Amino acid sequence: MSNALQFTTISGANNEDAVCYVLEIDDAKILLDCGSFEDYSGEGLEQLQRIAPQVDAVLLSHPDMAHVGAYALAFRQYGLTCPAYATQATQMMGRLCMLDVVRTVAGREEFGLFDERDVDAAFENVTALQYFQPKALAGKHS
């Protein structure tokens with residue numbers, strides 16, 4: 001057992017960008033948050049698109065755009081279909097935040113990256129946990 005560890009910043013290190021990191025432990029890839037901002041542009045999303053199909057688990061820490069803003073997009077378009085985990089509050093409020101974003105952005109401009117059904121599907125994929133609840137991660141590395 002080698003226990004190799006690698007931490008990669010997709011966005012959010014040393015600046016005001018949305019938060020998105022990849023933690024690799026041996027051959028397991030864990031996405032720590034999946035943030036974006038309303039314009040859905042930038043190098044971070046390109047990197048997220050490349051890594052998303054390889055991710056084994058997602059951990060969402062906060063229910064705001066900076067932490068969950070790209071989750072529905074990555075779930076719908078980038079192949080991020082692995083198990084996801086968050087507290088019940090983050091799951092519920094993150095879904096509400098993203099539904100509000102879709103409604104707000106779509107109300108003022110053409111927005112076709114994802115819709116309310118995509119937000120619901122993405123957040124249905126999130127397993128809600130209690131604070132400090134131990135959980136063995138599902139998937140090939142369980």
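## Burial along α1

A residue counts as buried when its relative accessible area is under 20% and as exposed when that value is over 50%. In this predicted model, E43 and R50 of α1 are exposed, whereas G44, L45, L48 and I51 of α1 are buried. Seen down the helix axis, the buried residues of α1 fall within an arc of 130 degrees, so they line one face of the helix, and E43 and R50 lie on the other side. The cover over the buried residues of α1 includes the strands β1 (5-11), β2 and β3 (28-32), together with the helix α3.

## Strand β2 and its partners

Of the six residues in β2, five are buried, which leaves this strand mostly covered. β2 runs antiparallel to β1, to which six bridges join it, and F7 stands opposite L23 of β2. β2 also pairs with β3 in the antiparallel sense, over five bridges, with V22 opposite L31 of β3. Two residues separate β2 from β3 in the hairpin that they form, and D26 in its turn has a positive phi of about 55 degrees.

## Nonpolar cores

The largest nonpolar core holds 38 residues, and L31, L48, Y71 and L80 have the most contacts inside it. Elements that give two or more residues to this core include β2 (20-25), α1 (43-51), α3 (71-77) and α4 (88-108); α4 gives the most, with six residues.

Leaving aside residues up to four places away in sequence, Y71 touches C34, V58, L60, L80, A84, A122, F123, N125 and V126. A second, separate core has five residues, among them V19, L23, I30 and L32.

Methods: Residues are numbered from 1 along each chain as its sequence is written. This is a predicted model: local features need pLDDT of at least 70, side-chain atom pairs count only at pLDDT 80 or more; totals for chains, interfaces and linings use all residues. Side-chain values use heavy atoms; hydrogens and water are left out. A nonpolar core is a set of buried Ala, Val, Leu, Ile, Met, Phe, Trp, Tyr and Cys residues joined through side-chain atoms within 4.5 Å. Buried means under 20% relative accessible area, exposed over 50%, partly exposed in between (1.4 Å probe, protein chains only). Helices (H or I, at least four residues) and strands (E, at least two) are DSSP runs, numbered from the N terminus. Contact means heavy atoms within 4.5 Å. The arc is that of the directions from the helix axis to the C-beta atoms. Two strands pair if DSSP finds at least two bridges between them.
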